[in-house]
Amino acid sequence: MKTFYIYTNQTKDGNGEITQYIRDYLNLKGCLCRSEVDDKVEGMIVLGGDGTMLRAAREYVSYHIPMIGVNLGTLGYLAEVDREEIEPALDSLIAGRYELEPRMMLGGIAVIAGTSTSPQTALNDIVINRKGALHAINFNIYVNGRLLSTYNADGIIVSTPTGSTAYNLSAGGPIVEPRARLILLTPVCSHTLVNNRSIILSEDDVIDIEIGRYKPGEKQEVDASFDGRCPVSLNEGDKIRIIRSDEVTTIIKLSEGSFLDTLHRKMRVF
C-alpha cells in the first residue's frame, strides 16, 4: 500500500499530534496521504477506538477500502494497533505484510405505519431497545415469513460475528469467530425463563421483528439503532426487516495470532 486516508476521532487526538505524526512518517517513506476519500485510496487508517472503526465502516462502506485501526481508546478489539506499535504497523502496510479479512454486515429497513424507511447498514449490530417508560417490549420474531418466537424483554440484539464480542457478549450471547457467516439474535434481559437464549441463524435468513402489544393501554415506544447510531423510532405494529447486507467491511490484519489468541490477550476470555 502506498496511498492512504487517515480517519481521526478528534476527541481522541484533539491536537492532531498522532495524525500528523503518521502523515509525516508515511510521507517520509514515499507514501501519499489523501485529504479526501476517492478511488485512489488503498487503505484507511482509523485513529480512535472500536466506535470510530464502526463509524468509518458505515460512512465509507461504498468505497470498499480496507481499514486498520489505531487504538487510542480502551479495549480496542477492532482497532488492532496500539500506540507503541504504530511505526512497525505502517512498515508492514507499506511492505504488503498483511491479510485482508472481509466481515459481513447487516442491512435493516424499518416499516413505520406501512411506509419503508431508507436502508441502513451495521458492522456490529442492530439493536432494538425501549425508550421512555421502563417496561418490557413485546417482540414478534419472524424468520423467512414464519413466526419463530415471541419475546418480552428490555430489547433485542441482532448481531454479526464481528459484533458478537460487543453488546451481544455483554447480554450473554455467544462469541463467534469474526469470519463466520451467520446472524445472532440475543434478547436483552428477557422477562421469561424459556426465551432467554440466543438464537443462531443462517446468513441468508430474512428476519422481521414486529413490535407487539405488551399490555392493553400501554403504548410501546422503542428505538432501532445501527451500530449505536441513526436511531429509528418504532411503535406498536411497526417492524424492521434485517438481512445480510450486500456490502462488506474489509479489515486489515497484521497479527499472525489466531482469533482465540486475540480473545485471550484483549478480553481475558480464557
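Which residues does Phe139 touch, not counting residues up to four places away in sequence? In this predicted model, where contact means heavy atoms within 4.5 Å, the partners of Phe139 are Ile128, Ser149, Thr150, Tyr151, Ala153, Gly155, Ile156, Ile209, Glu210 and Ile211. Residues are numbered from 1 along each chain as its sequence is written. The model is predicted, so local features need pLDDT of at least 70 and side-chain atom pairs count only at pLDDT 80 or more, while totals for chains, interfaces and linings use all residues; side-chain values use heavy atoms, with hydrogens and water left out.

Phe139 also stands out in the largest nonpolar core (buried Ala, Val, Leu, Ile, Met, Phe, Trp, Tyr and Cys residues joined through side-chain atoms within 4.5 Å; buried means under 20% relative accessible area, exposed over 50%, partly exposed in between, with a 1.4 Å probe and protein chains only). Among the 27 residues of this core, Phe139, Ile128, Ile207 and Ile209 touch the most other members. Another core lies apart from it, with 21 residues that include Ile18, Leu26, Cys31 and Ile252.

Helix H1 covers residues 17-28 (helices, H or I of at least four residues, and strands, E of at least two, are DSSP runs numbered from the N terminus). Its buried residues are Ile18, Thr19, Ile22, Tyr25 and Leu26. They lie on the same side of H1 because their arc around the axis is only 135°, taken from the directions from the helix axis to the C-beta atoms. These buried residues pack against strands S1 (3-8), S2 (32-34) and S3 (43-48) and helix H3 (86-95), whereas Glu17 and Leu28 are exposed on the other side of H1. After H1 comes Gly30, with a positive phi near 85°.
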